[in-house]
Amino acid sequence: MNESFSEHTRNILGLQLPTDPRWVNLAEIQLEEILTDHAYCEQKAATTCISLIQKNPDKELLVEELSPIVTEEWGHFRMVLAELKKRDLKLGRQRKDIYVNKLLQFQKKDGSPMERFLDQMLIMALIEARSCERFKRLSEGLDDDYMRNFYRKFMESEAGHYTLFITLAEHYLDKKIVRKRWAEWLEYEKELMSSEEVRGDRIH
Ligand SMILES: [Fe+2]
Ligand SMILES: [Fe+2]
């Protein structure tokens, strides 16, 4: 059943490489680390949406759509924080984000403003898509009923966010250009995922 689910996920999200199944087992035994890392993923999602609004005040649809996402992501941060507290676990320090840093390297540094904007939308879509896939893995693979349900809720939210960033890209740019660049991003992310070691102390 897990395999058909991951195939399903891959089709929805377009991700080219499903998460290594060993990852869930590793994450399960490092709950404090995984919750800490998860909390910062939510914080960074909120912070990035605020910064996108600040940089693009002329893009009305973006401002309108991302404003509630800031609230939602911050709500996610608080949910994870509450879960840590409930378990008497501590929010640790933020780790170096290798996954996001490597994604940033693929951005077109000398592109036009619209090309840079497109990359910003697609990088967000990709992070949301991969987070969604990982949450789905946790919601299917964890032993604990409560935690499976906890992650299912996150999985559903992030699926909506992934599509929103693609929709925003397509609103401001030609669809064909968006699709072409999205395919390049998916290919790059596949290489990135396959070159990284499987670690259970982080979401990505
Ligand atoms: Fe979130
Ligand atoms: Fe999100």
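Which elements cover the buried residues of α4? This tour of a predicted model comes to that helix after a visit to the two iron ions.

**Stop 1: the iron ion (ligand 1)**

Select the iron ion (ligand 1) and show the side chains around it. Its protein donors are E42 (OE), E73 (OE), H76 (ND1) and E158 (OE), at 2.0 to 2.3 Å from the ion. The angles subtended by the four donor atoms run from 90 to 141°, which makes the arrangement irregular. A tetrahedral label would need all angles between 85 and 135 degrees. Along the sequence, the spacing of these donor residues is E-x30-E-x2-H-x81-E. Distant parts of the chain are linked here: E42 belongs to helix α3 (residues 31-55) and E158 to helix α7, 116 residues apart. Color E42 and E158 by accessibility, and both come out as buried.

**Stop 2: the iron ion (ligand 2)**

Now select the other ion. The iron ion (ligand 2) lies 3.4 Å from the iron ion (ligand 1), and E73 coordinates both. The protein donors of the iron ion (ligand 2) are E73 (OE), E128 (OE), E128 (OE), E158 (OE) and H161 (ND1), at 2.0 to 2.4 Å. E128 appears twice in that list. In sequence the donor residues follow the spacing E-x54-E-x29-E-x2-H. Here too distant parts of the chain are linked: E73 sits in helix α4 (residues 60-86) and H161 in helix α7 (residues 145-172), with their positions 88 residues apart in the numbering. Both E73 and H161 are buried.

**Stop 3: helix α4**

Follow E73 into its helix and select residues 60-86. From its first C-alpha to its last, α4 reaches 40 Å with 27 residues, close to the 39 Å expected at 1.5 Å a residue. Center the view on L66, where α4 bends by about 25°. A proline, P68, follows within four residues of that point.

Next, pick out the buried residues of α4, which include L62, L66, I69 and V70 as well as E73 and H76. Further along, F77, V80, E83 and L84 are also buried. The cover over these residues includes α3, α6 (113-141) and α7, which answers the opening question.

**Stop 4: D88, just past the helix**

Step past the end of α4 to D88, in the loop between α4 and α5 (98-104). What is the sign of phi at D88? The value is positive, near 60°, in a residue other than glycine. Is D88 buried or exposed? D88 is exposed, with a relative accessible area of 63%.

**Stop 5: helix α6**

Select α6, one of the elements covering α4. It has 29 residues and reaches 42 Å from first C-alpha to last, close to the 42 Å expected at 1.5 Å a residue. Of those 29 residues, 22 are buried, so α6 is largely enclosed by the rest of the structure.

Two residues of this helix are worth selecting in turn. I123 is in α6 and counts as buried because its relative accessibility is 5%. Leaving aside residues up to four places away in sequence, I123 touches L103, L104, Q107 and W185. The C-alpha atoms of I123 and L103 are 7.1 Å apart, with the two residues 20 apart in sequence.

Move on to L138, also found in helix α6. With a relative accessible area of 1%, L138 is buried. W23, V24, A27, R148 and Y151 are what L138 touches, again not counting residues up to four places away in sequence. M155 is 17 residues from L138 along the chain, and their C-alpha atoms are separated by 9.2 Å.

**Stop 6: the cysteines**

Finish by selecting the cysteine sulfurs. How many disulfides does the structure hold? The count is zero. C49 is in no disulfide, and the nearest cysteine sulfur, that of C41, is 13 Å away. C49 counts as buried, at 0% relative accessibility. For C132, the closest cysteine sulfur is in C41, at 13 Å, too far for a bond. A disulfide would need the sulfur atoms within 2.5 Å. C132 is buried as well, with a relative accessible area of 4%.

Terms used: Residues numbered from 1 in each chain as written. Chains lettered and ligands numbered in written order. Predicted model: local features only at pLDDT ≥ 70, side-chain atom pairs only at ≥ 80, totals over all residues. Heavy atoms only, no water. Donors = N, O, S within 2.8 Å, 3.2 Å for Na, K, Ca; no water. Helix = DSSP H or I, 4+ residues; strand = E, 2+ residues; numbered from the N terminus. Buried < 20%, exposed > 50% of the residue type's maximum accessible area, 1.4 Å probe, protein only. Tetrahedral: all angles 85-135°; square planar, octahedral: opposite > 155°, others 65-115°. Expected span 1.5 Å × (residues − 1). Bend = angle between axes of the 7 residues up to and from the residue. Contact = heavy atoms within 4.5 Å.
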